[in-house]
Amino acid sequence: MNDLVTPYVQVDGRAVDADPLFLALMGGYGHMTAMQIRDGRVRGLDFHLTRLDTATKELFGEGLEGELVRDRIRCALDAAGVRDASARVYVYAPEPGDRTVTAVILRPAVPEPGPQRLRSVPYSRPTAHLKHVGVFGQAYHLRQVKAAGFDEALLVEPDGTVAEGAITNVGFLEGDTVVWPSAPALDGITMLVLQRELDRSGLPWRRQAVRLDEVARFDAAFVCNSVGVSTVSLIDDVRFPLNAESVRTLKRLYETAAWDVI
């Protein structure tokens, strides 16, 4: 019996190089950010770069230079021959001190048509403040609720407080005030852009604990991610208005937010 000096890998019966990065990808220890690029520009670039830098420090003990990230994205866009795209940036460290930054270029995302229907699920993401690559729980619940006819899973803590969507942040409207749940969740880039635009417009927002059994008291609800802002029409059996002016205002604020050159 031969001793394996290096790993041997087959995918669908085909041998592939056991590159350290390949093994790191299989292990699922890393983090990322996702963005929509139009004409080589993105909203909230500073938030993306800060996210990647702080998460790299936390996971790998070193920072990540913003200009390096921008260069990786620009090179990938040039190689793909596109200016409009969905882009993802992944950061791994196959070996201690051996950090890799991978840019993936995909087709531009199209917003989901119509209002979103949410079903609550009892799940909270581990290390929720990080956009890490370990998304099995989110993917599982998202598939389950979509099979049941819903659009998004609403993640709820064991004590009944609302946290976030599987792939979105969720927000509520109380009059003209935006209420973001304060349970552990990812600070999504679109959420951060919206908060900045609300501040610039002098419109109020706050974070507070939101219980699932009290969502009916809000005037409207919405979800947001890199694709944009969408009205929520239903959470479980609680219905929300489809044409709330407050949600239309949020959509306008996001659509008019500045685009940054990568």
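Helices and strands here are DSSP runs, numbered from the N terminus. With that settled, the model, which is a predicted one, can be walked through from a pair of odd loop residues to the sheet, the cores and a late helix.

Asp 12 sits in the loop that links β1 (9–11) to β2 (14–16). Its phi is near 50°, a positive value in a residue other than glycine. Asp 12 has a relative accessible area of 76%, so it counts as exposed. Another aspartate shows a similar backbone quirk: Asp 236 is not a glycine either, yet has a positive phi of about 55°. This residue belongs to the loop between β14 and β15 (238–239). Asp 236 is partly exposed because its relative accessibility is 25%, and the buried class stops under 20%.

Next comes the sheet. Three strands make up an open, antiparallel sheet, in the order β3-β5-β6. Its edges are β3 (31–37) and β6 (98–106), each of which pairs on one side only. On average, and with direction ignored, neighbouring strands of this sheet are turned by 20° against each other. Seven bridges join β3 to strand β5 (residues 85–95), again in the antiparallel sense. For a concrete register point, Met 35 has Ala 87 of β5 as its bridge partner. Helix α3 (residues 66–80) lies across β3, β5 and β6, and runs at about 40° to β6.

What fills the space around these elements? In soluble globular proteins, nonpolar side chains tend to be buried together. The largest nonpolar core here has 20 residues, and the members touching the most others are Met 35, Ile 37, Leu 52, Leu 64, Val 69, Ile 73 and Val 89. Two or more residues come from each of β3, α2 (45–60), α3 and β5. The largest share belongs to α2, with six residues. Val 69 gives a feel for the packing: leaving aside neighbours within four places in sequence, it is in contact with Leu 49, Leu 52, Leu 64 and Val 89. Apart from this core lies another, of 19 residues, including Val 178, Val 193, Leu 198 and Ala 220.

Two of those residues, Val 193 and Leu 198, are also on the list of buried residues of α5. Helix α5 (residues 189–201) has 13 residues and reaches 18 Å from its first C-alpha to its last, close to the 18 Å expected at 1.5 Å a residue. Its buried residues begin with an unbroken run from Ile 189 through Gln 195, and Glu 197 and Leu 198 complete the set. After the helix comes Gly 202, with a positive phi near 75°.

Further along, Thr 231 is part of strand β14 (residues 228–235). Thr 231 counts as buried because its relative accessibility is 7%, and the cut-off is under 20%. Neighbours within four places in sequence aside, Thr 231 is in contact with Pro 115, Gln 116, Ala 221, Phe 222, Pro 241, Leu 242, Val 247 and Lys 251.

Finally, a word on the cysteines. A disulfide is a covalent bond between the sulfur atoms of two cysteines. The structure holds zero of these. Cys 75 has 43% relative accessibility and so counts as partly exposed, whereas Cys 224, at 1%, counts as buried.

Technical notes:
Residues numbered from 1 in each chain as written. Predicted model: local features only at pLDDT ≥ 70, side-chain atom pairs only at ≥ 80, totals over all residues. Heavy atoms only, no water. Helix = DSSP H or I, 4+ residues; strand = E, 2+ residues; numbered from the N terminus. Expected span 1.5 Å × (residues − 1). Buried < 20%, exposed > 50% of the residue type's maximum accessible area, 1.4 Å probe, protein only. Disulfide = S-S within 2.5 Å. Pairing = 2+ DSSP bridges. Axes fitted to C-alpha atoms, helices over the stretch in contact; angles between N-to-C directions. Contact = heavy atoms within 4.5 Å. Core = buried A, V, L, I, M, F, W, Y, C linked by side-chain atoms within 4.5 Å.
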